[in-house]
Amino acid sequence: MSFQDCSSRFCVIGAGAAGVTAAKNLKALSIPFDLIEREDDVGGNWHYGKPCSSIYQSVHMISSKKFSEYTDFPIPDEWPIYLRADQALAYLRSYARHFGIYEHAEFQRSVLEIAPVPDSDLWDVKLDKGETRRYRGVFVANGHLVKPRLPNYPGHFDGLLLHSAQYKTPDTFAGKRVLVVGAGNSGCDIAVDAAHHGRAVFHSTRRGYYYWPKFLFGMPADAWAEWPLRLRLPLWARRFFGKHMLRMFTAGDPADYGLPEPDHKLFEAHFIINSTLLYHLAHGDIVAKRDVQELRGDRVLFTDGSEESVDVIVYATGFELSFPFLDQKHLSWSMEKPALYMNMFDQQHPNLFFIGLFQTSTGNWPLMDYQSQLAARYIRARDAAPKKAARLSRLIAKDRTAADGGIRFTNVSRHAIEVEHFSYRSKLLRLIRALALSPDSQPDSGSLIHPAESLQPQSARRRRVEASATTNIDIVQ
Ligand SMILES: Cc1cc2nc3c(=O)[nH]c(=O)nc-3n(C[C@H](O)[C@H](O)[C@H](O)COP(=O)(O)OP(=O)(O)OC[C@H]3O[C@@H](n4cnc5c(N)ncnc54)[C@H](O)[C@@H]3O)c2cc1C
């Protein structure tokens with residue numbers, strides 16, 4: 001057992017996309033920290049095959065590269081619009097290398113418990129190997145796509161049962177009759193994988209969704225969806241045009257493919273972005289099914305009364321939030337999630353920050369970057385510009401307005417941490433700007449890009465980073 005006083009430093013838990021940008025932005029403001037990662041390298045979810053990763057071999061990013069890159073580290077121009085998993089991983093590692101994050105990382109170390117130190121804002125962090133450290137505060141960046149949420153259907157199933165996080169390669173499906181449950185992006189991807197390798201494929205969805213292709217009018221779906229937001233079109237108009245555009249210019253009506261009609265308004269559910277699911281439904285390679293009613297050994301009964309014999313079931317039914325190292329009593333909870341201002345600040349603990357605890361229909365990494373810029377500036381301002389910091393402290397204490405852009409997300413666990421990316425990003429940018437510090441109180445701020453610049457075209461931003469920054473990213477297979 002050992003105890004170390006690290007009370008001038010922060011502890012960042014996790015070296016996934018969220019943890020590395022938290023580290024980078026702390027470093028940019030000369031705020032000392034340690035980065036603790038259970039695995040042997042940076043990457044988190046994109047570290048294929050590791051316990052921390054929920055991806056499968058065939059995965060490609062769903063967000064396009066322009067909306068996926070960090071604010072000051074462009075994805076190379078010559079890379080594809082939708083990155084492969086190995087490219088996503090190489091990009092994250094290159095970012096960590098470029099900003100000197102590896103020097104602060106301790107790999108193959110696990111945080112077992114964190115607890116606030118009574119009568120102070122400090123935190124005790126219990127690590128493996130019997131070590132406890134007392135830190136100034138903690139950045140929780142442990143990812144939220146790790147603990148599978150499993151449905152509880154009556155009956156039993158005799159075949160192979162997997163959660164999407166356990167599915168890795170399509171040979172699992174070779175010659176098999178496959179049922180994929182759930183219409184999230186993973187469920188749709190996996191159903192398509194199965195269509196190429198299985199003998200028969202059934203895709204069960206409980207409700208209807210809108211299916212976006214990866215490209216619309218030659219533009220990636222997220223880039224296309226951004227324009228009406230920038231033009232400040234009202235929500236009703238975006239809904240009206242979006243819905244008609246999807247029906248008229250893409251694949252038509254989901255019901256024509258045997259899928260249920262959407263039971264919610266456009267944008268009220270996380271986007272499903274998949275160009276090939278409807279194609280395979282139209283060719284009979286995948287058969288749409290309603291919700292599962294009962295498992296019957298080697299057969300599955302659906303709520304419409306149909307029954308199919310099935311060898312493999314993949315539950316693509318999402319994940320539960322999980323902070324196994326943090327006793328729930330230390331947080332206030334609301335609807336299965338911690339009640340946090342901007343999904344990141346805890347009212348009771350000024351030195352506890354959550355990075356990446358949100359879900360959007362576009363790239364998450366730049367938003368994690370903004371979250372981290374905000375947290376770092378807040379910490380710095382509390383030391384150097386307390387009046388400015390006090391304004392944010394008041395918001396953290398009182399403001400409960402959601403960054404939902406006026407959208408009421410369908411009330412299911414799946415959307416517990418969903419934010420509407422445009423209003424969320426705008427609010428983060430406003431808060432970051434409000435914490436602008438004088439050059440004297442902002443040491444080493446050279447790499448902290450002015451947030452407004454990130455909304456400029458990639459070429460404009462690219463000129464601002466060192467030419468060599470991302471041109472030599474090694475792909476580790
Ligand atoms: C199939 C799939 C496709 C996706 N596509 C996209 C996409 O196109 N665009 C997009 O933006 N996002 C996408 N995502 C979301 C993806 O999860 C995020 O891009 C991002 O990787 C999340 O980063 P994170 O750092 O929050 O979490 P993670 O990547 O999960 O990293 C968390 C890290 O914390 C470590 N850790 C956890 N607990 C501890 C502990 N107690 N002690 C020490 N270390 C710990 C883990 O080992 C891990 O390395 C996708 C997700 C999936 C599953």
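This passage describes selected helices, loops and cysteines of a predicted protein model. Residues are numbered from 1 along each chain as its sequence is written. In this predicted model, local features need pLDDT of at least 70 and side-chain atom pairs count only at pLDDT 80 or more, whereas totals for chains, interfaces and linings use all residues, and side-chain values use heavy atoms, with hydrogens and water left out.

Helix and strand names refer to DSSP runs numbered from the N terminus, a helix being H or I over at least four residues and a strand being E over at least two. Helix H1 (17–28) follows strand E1 (2–13), and the loop between these two elements holds alanine 15. With a relative accessibility of 0%, alanine 15 counts as buried, because that word is used for a relative accessible area under 20% (exposed is over 50%, partly exposed lies in between, and the probe is 1.4 Å, with protein chains only). When its neighbours within four places in sequence are left aside, alanine 15 is in contact, meaning that heavy atoms lie within 4.5 Å, with Val20, Leu35, Ile36, Glu37, Val42, Gly43, Gly44 and Phe107. The C-alpha atom of alanine 15 is separated by 9.6 Å from that of tyrosine 102, although the two residues are 87 residues apart along the chain.

The helix that follows this loop, H1, is mostly covered, with eleven of its twelve residues buried. These buried residues are Ala17, Ala18, Gly19, Val20, Thr21, Ala22, Ala23, Lys24, Asn25, Leu26 and Ala28, and they pack against E1, strand E2 (33–37), H3, strand E6 (131–140) and H8. The length of H1 can be checked against an expected span, which is 1.5 Å times one less than the number of residues; for the twelve residues of H1 this gives 16 Å, and the end C-alpha atoms are 17 Å apart, which agrees. Just after H1, serine 30 takes a positive phi of about 55°.

Helix H3 (residues 85–98) was examined in the manner used for H1. Its 14 residues should span 20 Å, and its end C-alpha atoms are 20 Å apart, in agreement with the expectation. Twelve of the 14 residues of H3 are buried, so this helix is largely enclosed by the rest of the structure. The buried set consists of Ala85, Asp86, Gln87, Ala88, Leu89, Ala90, Tyr91, Leu92, Arg93, Ser94, Tyr95 and Ala96, and its packing partners are H1 and helix H8 (365–384). Just after H3, glycine 100 has a positive phi of about 70°.

A further pair of helices, H5 (residues 221–230) and H10 (residues 421–434), have axes that come within 10 Å and cross at roughly 60°, where the axes are lines fitted to C-alpha atoms over the stretch in contact and angles run from 0 to 180 degrees between N-to-C directions. The contact is made by Glu226, Leu229 and Arg230 of H5 together with His421, Phe422 and Arg425 of H10. The residues of this contact divide into two nonpolar, one polar and three charged, given that Ala, Val, Leu, Ile, Met, Phe, Trp, Tyr, Cys and Pro count as nonpolar, Asp, Glu, Lys and Arg as charged, and the others, Gly among them, as polar.

Most residues other than glycine have a negative phi. Against this background, lysine 129 has a phi near 60°, a positive value in a residue other than glycine. Lysine 129 is found in the loop between strand E5 (123–127) and E6, and its relative accessibility of 67% means that it counts as exposed. Asparagine 343 likewise is not a glycine and has a positive phi of about 60°. It is placed in the loop between strand E23 (337–338) and strand E24 (352–354), but asparagine 343 counts as buried, at 15% relative accessibility.

Another loop residue, aspartate 253, lies between helix H6 (235–249) and strand E15 (272–273), and it counts as buried at 18% relative accessibility. Not counting residues up to four places away in sequence, aspartate 253 touches Arg247 and Glu261.

The structure holds zero disulfides, a disulfide being a pair of cysteine sulfur atoms within 2.5 Å. For cysteine 11, the nearest cysteine sulfur is that of cysteine 6, at 8.7 Å, and cysteine 11 is buried with a relative accessible area of 0%. For cysteine 52, the nearest cysteine sulfur is that of cysteine 11, at 17 Å, and cysteine 52 is buried with a relative accessible area of 16%.
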